[in-house]
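Hi there,

Here is the structure I promised to pass on. Have a look at it first, and my notes follow underneath.

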Amino acid sequence: MLLAHHGAGLDAIRRPTAAEPWRVLVSGCIAGWRCGVDGTDYGLGASLDDLFALPTVRPLPFCPEQHALGTPRTTPDIHGGDGADVLAGRARILDEHGTDLTAAMVAGARAMLAFAEASRAELAILRAHADPGYAAPAGALDHHQHPWTREHLPGPHPRA
């Protein structure tokens with residue numbers, strides 16, 4: 001697996017053209033799908049319109065939660081670990097009522113992977129479900145501050 005945020009990965013990403021744009025897997029809500037638990041796009045739908053309008057970018061939207069559970073739905077939450085623990089059987093995904101959604105959510109994640117592979121996705125822009133205790137490493141850059149982003153994705157890039 002190539003991780004673009006690692007130096008060697010960045011060098012391996014091809015230059016896109018209008019004839020052969022980057023195939024970018026995108027969380028459905030970021031692409032404007034009304035697939036949030038409450039039937040909205042969480043206000044994210046227009047956030048990347050400029051990027052998606054580029055002739056060198058082909059967005060490939062998918063929402064594993066929508067695929068697995070539909071909309072609207074209860075709120076899934078991992079209990080007892082993280083995503084790796086869920087796949088290893090050490091953690092479960094439960095909603096606010098205690099309903100076990102693990103099998104459906106894993107099926108949704110596998111469907112997203114199959115879609116990405118079938119679409120030959122090269123990059124991914126996904127909505128993160130961040131751990132509230134997470135602290136970025138010292139000196140870490142946000143995506144819009146990274147030199148690679150500034151070189152390969154034209155347009156305004158906020159400084160902060």
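The charged end of R127 is placed over the ring of Y42, at 4.4 Å from the ring centre. Please keep in mind that this is a predicted model.

Y42 deserves a second look for its backbone too. Its phi is positive, about 60°, although Y42 is not a glycine. You will find Y42 in the loop that runs between strand 1 (22–27) and helix 2 (49–52). Is Y42 buried or exposed? The answer falls in the middle: the relative accessibility of Y42 is 32%, so the residue counts as partly exposed.

R120 also caught my eye. Phi is near 60° there, again a positive value in a residue other than glycine. R120 belongs to the loop between helix 5 (102–119) and strand 5 (123–125). With a relative accessible area of 52%, R120 is exposed, because the cut-off for that class is over 50%.

Then there is the peptide bond to check. Which residues does the cis peptide bond join? They are T71 and P72, and omega is about -5°. As for where to look, P72 sits in the loop between helix 3 (64–69) and strand 3 (77–79).

One last item concerns the aromatic rings. How many aromatic pairs are there? The count comes to one, taking rings as paired if their centres lie within 6.5 Å.

Happy browsing, and do write back if you would like to talk any of this over.

Best wishes

Definitions and conventions
Residues numbered from 1 in each chain as written. Predicted model: local features only at pLDDT ≥ 70, side-chain atom pairs only at ≥ 80, totals over all residues. Heavy atoms only, no water. Phe/Tyr/Trp six-rings, centres within 6.5 Å; stacked < 30°, edge-to-face > 60°. Lys NZ or Arg CZ within 6 Å of the ring centre and 35° of its normal. Helix = DSSP H or I, 4+ residues; strand = E, 2+ residues; numbered from the N terminus. Buried < 20%, exposed > 50% of the residue type's maximum accessible area, 1.4 Å probe, protein only.
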